[in-house]
Amino acid sequence: MILLHFARWCKTLNVPTTHVNVLLKDIRKHKCFKSVFPSDVRTLLGTPRSSPFKIIPPGEYYHQGLVNELVRVLSKYDIQNVDLTLNIDGLPLSKSSGKQLWPILISVAGVQDVMYIGLEFPRKPRSLQDLKYYKATEFRQLLLYTGPITFQGLDIYLNFLILHVSIRILCMEDTSEEMINYADKLLQNFNETFTILYGEENVSFNVHAFLHLVNDVLKHGPLDSFSVFRFENFLQKIKNLIRRPQDTLSQLHRRYTERNIILLKNVAFDRTTYSVVLIGQYFTVEDFYILPCKSQLVGIYLASKLSDLRQWPFNGTIKKKCLRIPWKKNKNVIISLLYSHE
């Protein structure tokens, strides 16, 4: 059992093999552990000594396998029809080399199998001075969450809010047909005013594509159910498994083979009712903006006046998690997470 926990610790924290070997050497100095712990981390983790990759000019190819992964995921869910989303994207390995990985990633529509515990956003917000270095997930965060705060007071603010509201509506899982039609009108308005504000020469294919988003949502469901942001987040996890620039595919093969709005203050157990309770404070809320619609319609609030500490019974269900951003005069902007992939 102790070996199992130790191996899990090495995998979870992605501890460098040289560090683990030094630790194993010290552990084995004690006579009680010499026959229990192996001398090499590869034995501990079951690391294969060779990697089955193919030479396919101009590079190399390693096949992780599809069937086993699908069986593992689908065994958790009652799914009759399986729709797969495929993503292929380049992953630069370093700034000093043109060498790249091109992972072929697949997800099952309607299934969120990879979960991030404790992190709502993949990156801490950066200054707008770094805008040219932004990743797609950072632009998404700006559009759906922090933009209404960041851009307030600018001449283009209303035009941005029109886009912000329409995309939030299309990301919501429980939105009505009336709201979807409203989002369609907003996107048409955004396209027209974008041309006036920035000139027809800046109306790119991506700007025009907004006009077709509603049809895509009506056909496939909320935007997040067919977006590729989940794949970008996963690319960083792949990159973190690489420990040196040489033998990249061999490293990945080894790592994968080794790896088989209440302001909440506390959670407690009430001895009088023998139940779990949430302890916290609730806010008094109002709209953060009112154009092109009231912000509460899309889950964004201006909150103030925290109540005294109180408790609520916990029935095992939390409807929404929220992002809280400090605002002016002891107020907070509360943004409910759309929450398919944050």
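These are my notebook entries on a predicted model of a single protein chain.

**Entry 1: the whole chain**

I began with the overall make-up. The chain has 342 residues, and 37% of them count as buried. I found eleven helices and 13 strands in it. About 22,200 Å² of the chain is exposed, and carbon and sulfur atoms supply 56% of that area.

**Entry 2: a helix on the inside**

Next I looked up helix α6, which covers residues 157-171. Its 15 residues reach 21 Å from the first C-alpha to the last, close to the 21 Å expected at 1.5 Å a residue. Is α6 enclosed or open? I counted 14 of its 15 residues as buried, so α6 is largely enclosed by the rest of the structure.

**Entry 3: the open sheet**

I then traced an open sheet of three strands, in the order β7-β8-β11, with antiparallel pairing. Why is one side of β7 and of β11 left without a neighbour in the sheet? Both stand at the edges, β7 at 262-270 and β11 at 310-313, and each has a single partner strand, so one side of each has no neighbour there. From one strand to the next, the twist averages 35 degrees.

A reminder to myself: strands of a sheet pair through backbone hydrogen bonds, either parallel or antiparallel.

For β8 (residues 275-282) and β11, I noted four bridges in the antiparallel sense. Which residue of β11 is the bridge partner of Gly-280? I found Arg-310 there.

**Entry 4: Val-267**

I stayed with β7 a little longer, since Val-267 lies in this strand. Val-267 has 46% relative accessibility and counts as partly exposed. Leaving aside neighbours within four places in sequence, I saw Val-267 in contact with Val-276, Val-277 and Leu-278. I also checked Val-267 against Phe-314: they are 47 residues apart in sequence and 8.8 Å apart in space, C-alpha to C-alpha.

**Entry 5: β9, β10 and β13**

I moved on to strand β10, residues 300-304, and found it mostly covered, with four of its five residues buried. What does β10 pair with? Four bridges join β10 to β9 (residues 284-287), and the two run antiparallel. Within that pairing, I matched Val-285 with its bridge partner in β10, Ala-303. β10 also pairs with β13 over four bridges, in the antiparallel sense. Here I noted Tyr-301 standing opposite Ile-334 in β13.

**Entry 6: Ser-336**

I followed β13 (residues 332-336) to Ser-336, which has its place in this strand. Buried or exposed? Ser-336 shows 8% relative accessibility; the cut-off for buried is under 20%, so Ser-336 counts as buried. Which residues does Ser-336 touch, not counting those up to four places away in sequence? I listed Tyr-145, Arg-168, Val-298, Gly-299, Lys-321 and Cys-322.

**Entry 7: cysteines**

That contact list includes Cys-322, and I looked up this cysteine as well. Cys-322 counts as partly exposed, at 27% relative accessibility. Cys-32 is also partly exposed, with a relative accessible area of 49%. How many disulfides does the structure hold? I found zero. For the record, a disulfide is a covalent bond between the sulfur atoms of two cysteines.

How values were computed
Residues numbered from 1 in each chain as written. Predicted model: local features only at pLDDT ≥ 70, side-chain atom pairs only at ≥ 80, totals over all residues. Heavy atoms only, no water. Pairing = 2+ DSSP bridges. Axes fitted to C-alpha atoms, helices over the stretch in contact; angles between N-to-C directions. Disulfide = S-S within 2.5 Å. Buried < 20%, exposed > 50% of the residue type's maximum accessible area, 1.4 Å probe, protein only. Contact = heavy atoms within 4.5 Å. Areas by Shrake-Rupley, 256 points an atom, 1.4 Å probe, with all protein chains shown as cover. Expected span 1.5 Å × (residues − 1).
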